[in-house]
Amino acid sequence: MDSAVVFENAVRIQQALSVIGTLMLTAYLFPRQATVEDFEEYDFIIVGGGSAGSVIADRLSECSQFKVLVIEAGGDPPMESLVPVLYPYLSNSQYDWNITSVIEPNAGNGRKTKEFNLVCARVLGGGSSINYMMYVRGCPGDYYPWARLSNDSNWAYANNLPYFIKSERMVSEEILQSPYRLYHGTKGFLGITRENRPETKKYLQAFEELGYDILFDVNGKQSLGYTLQLNTIAEGIRQTTAYTNLGANKHRNNLYVLKRTVVTQILFDENNNAIGVKALTQDSKSITLKAKREVIVSSGSINTPKLLMLSGIGPKEHLESHNIKVMSALPVGLNYQDHWLLQLSFKMEKSELPANPIKSYQTPFPVVTGYVKLNKTKSCAEYQTVNTIVPNDPEGPPLSCTFNFRYKDNICQNLYEASKGRNTMETALILLHPKSRGQITLRSSNPLDPPNVFTGIFSDKRDLEDYTSYVEDFVKVVNTTYFKSVQSEIIDLKLPECTDWTFGSREYWRCYVQTMATTSLHFIGTASLGSVVDSKLRVLNVNRLRVADASVMPSQTSGNPNAVVIMIAEKLADFVKQEHGLHGQCS
Ligand SMILES: Cc1cc2nc3c(=O)[nH]c(=O)nc-3n(C[C@H](O)[C@H](O)[C@H](O)COP(=O)(O)OP(=O)(O)OC[C@H]3O[C@@H](n4cnc5c(N)ncnc54)[C@H](O)[C@@H]3O)c2cc1C
Ligand SMILES: *[C@@H]1O[C@H](CO)[C@@H](O)[C@H](O)[C@H]1NC(C)=O
Ligand SMILES: *[C@@H]1O[C@H](CO)[C@@H](O)[C@H](O)[C@H]1NC(C)=O
Ligand SMILES: *[C@@H]1O[C@H](CO)[C@@H](O)[C@H](O)[C@H]1NC(C)=O
Ligand SMILES: *[C@@H]1O[C@H](CO)[C@@H](O)[C@H](O)[C@H]1NC(C)=O
């Protein structure tokens, strides 16, 4: 099968899954649709029932005196969201806003389209319903800037750790019986497991031979080295917050979930108090819903800044250019950051055997993950590698190449031809702390238009040089004993852009990085702590309005953000409970 056929088959599988979706077999797991009246009043309105929003709704509705409404643009997660092995089919689906970036001059030639597909969940549970399920908290040093920018040591790692632990339900016996037990919770909602598959051992040894530490658990004391991955999977089910926080509490009679409804504006009174929202229901009716205490925006890093700007909170000139009345002039949409990712492939063990059948309750293939720094003065990793050991597949190139990363067909075809008869190691090498910044702006004042997303990729040239150095560092793994014993080779993808350079030279790798770099979908920073929200996540210069989601992260952590976003949501719920006189406790 060639690359284009693998791609078309994936689309067909998605279509078949969407037919099954019409049966709504999963509906019984989730709260039923709230019936709302125009101008109905709640204590709290949460805009977006994603990774953060669902957790906030859960924690606030623990207080029976609070009437809590979550408004979510999408519907219930389908079966393929609950079954871990099907995660590749959730991107670019009906559960995705399908937002694309503005075309950047500096990158993207290796992809099917020059603009990036900024996969962004439109479904209850948000990113936690469609993501790749990696559970990573980042490195303690990642949080120094958070404390500094918010002028509040409450955002330092030591004060975040209790909230990571609070949300967690660690299931892995291996970890619970180790000294790392201290770093994990067992009473939270978010079930966490790790897969320990035998194939990973030789790979960990290869990285150890290169001088990296092998970590039993990257969430413990140390955050540099190679390790097995923790996943938001438990009892064989994806831990979407739709399931762990809303579904699990669907009996609460003070928790209301309004699905397939898009919030179009935050409403204020004459004293700059947020008093409610305007929304468009599934049958295109415009309604107003009122919040007696607060509105909390958790619409994700792309839609949160859009909603704030539509509501008059954002850069003054930009809002005025769209005839929007300015409520609070703030740098909303600026400071956009992502983690860049590129794929590298290695020929590994010879294998003519058909692959073992894939199991539904785990990720498809064994994985080892690395966190590496080259600069000795840094405390956190500079790059991450997610190394998947992919069994020989005579059928065609991997789905990740053609469908998820959307590399051009010639690239995936060359990968397939080069790896015939061999297992491969497919590495996603991720730039953890890019210096480039992007921006989100309004395309128009119509709430149904997507925003403009300028990713800013490689606008700071140091990113390209650093990234090239990380690739050069990583590929040394081909010379380790194990890799040599299986005659490993870096696969030459024969990129037409890079034929001028000698394969493996620094110039070649720089060209490779520029061609292959794409988004890892870790957008953050568009309503940052310290510049748009204060340390209690209150939007500056207005009242009764907070933001809690990935957009408040002022800088990237050294890993994937979902666990971090859930930690932020846990903290927000405590801030709100304290301010409303409950001191963090509710019966
Ligand atoms: C494909 C993919 C793979 C990823 N893999 C990983 C991974 O393996 N590990 C990891 O840690 N992170 C991963 N991430 C990132 C992580 O999932 C996100 O950072 C996280 O989910 C962000 O949470 P959030 O609450 O900020 O936003 P979201 O979870 O996106 O929630 C926002 C919600 O708000 C809703 N919404 C938006 N606008 C409106 C509106 N106007 N009205 C009503 N509702 C609205 C959206 O529909 C959405 O459900 C991945 C992300 C993607 C897309
Ligand atoms: C996103 O695009 C896919 C593929 O074209 C489509 O099936 C899906 O309905 C779109 N999602 C939304 C929310 O429109
Ligand atoms: C290493 O990191 C330090 C501190 O972050 C920085 O000042 C220095 O320029 C870095 N060195 C290199 C070679 O990048
Ligand atoms: C592997 O070792 C050979 C021989 O020493 C060397 O020429 C080559 O550059 C090394 N490869 C990498 C990727 O470091
Ligand atoms: C933090 O303190 C600095 C200096 O006192 C001040 O300029 C800044 O506005 C403060 N930031 C926040 C978010 O409070």
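## Three ligands and a helix pair

Ligand 2 is surrounded by Asn 92, Ser 93, Gln 94, Asp 96, Asn 98 and Arg 122, where a residue counts as near a molecule if one of its heavy atoms lies within 4 Å of it. This is a predicted model, in which local features need pLDDT of at least 70, side-chain atom pairs count only at pLDDT 80 or more, and totals for chains, interfaces and linings use all residues. Residues are numbered from 1 along each chain as its sequence is written, chains are lettered from A and ligands numbered from 1 in the order in which they are written, and side-chain values use heavy atoms, with hydrogens and water left out.

The shell around ligand 2 has no nonpolar residues, four polar and two charged. In this classification Ala, Val, Leu, Ile, Met, Phe, Trp, Tyr, Cys and Pro are nonpolar, Asp, Glu, Lys and Arg are charged, and the others, Gly among them, are polar. Polar contacts are pairs of N or O atoms within 3.5 Å; within protein, one must be able to donate a hydrogen and the other to accept it, and residues adjacent in sequence count only if both atoms are side-chain atoms. A polar side-chain atom of Asn 98 lies 2.3 Å from an oxygen atom of ligand 2. On the backbone side, a nitrogen atom of ligand 2 is 3.3 Å from an N or O atom of Ser 93, and a nitrogen atom of the ligand is 3.3 Å from a polar backbone atom of Asp 96. Alone, ligand 2 exposes 360 Å², of which the protein buries 44%; accessible areas come from the Shrake-Rupley method with a 1.4 Å probe, and for residues only the protein chains shown count as cover.

Ligand 3 has Asn 375, Thr 377 and Lys 378 around it. An oxygen atom of ligand 3 lies 2.3 Å from a polar side-chain atom of Asn 375, and an oxygen atom of the ligand is 2.9 Å from a side-chain N or O atom of Thr 377. The protein covers 27% of the 360 Å² that ligand 3 has on its own.

Ligand 1 has 37 residues around it, of which Ser 51, Glu 72, Gly 127, Ala 550 and Asn 562 come nearest. The shell divides into 18 nonpolar, 16 polar and three charged residues. Backbone atoms of Gly 127 and Met 134 lie 2.8 Å and 2.9 Å from an oxygen atom of ligand 1, respectively. The protein covers 95% of the 1000 Å² of accessible area that ligand 1 has on its own. Elements giving two or more residues to this shell are α2 (51-61), α4 (127-130), β12 (262-268), α10 (300-310) and α17 (562-579); helices (H or I, at least four residues) and strands (E, at least two) are DSSP runs, numbered from the N terminus. The most comes from α4, with three residues.

Two of these elements, α2 and α17, pack at an angle of about 35 degrees with their axes 8 Å apart. Axes are lines fitted to C-alpha atoms, for helices over the stretch in contact, and angles run from 0 to 180 degrees between N-to-C directions. By class, the contact of α2 with α17 has 10 nonpolar, two polar and three charged residues.
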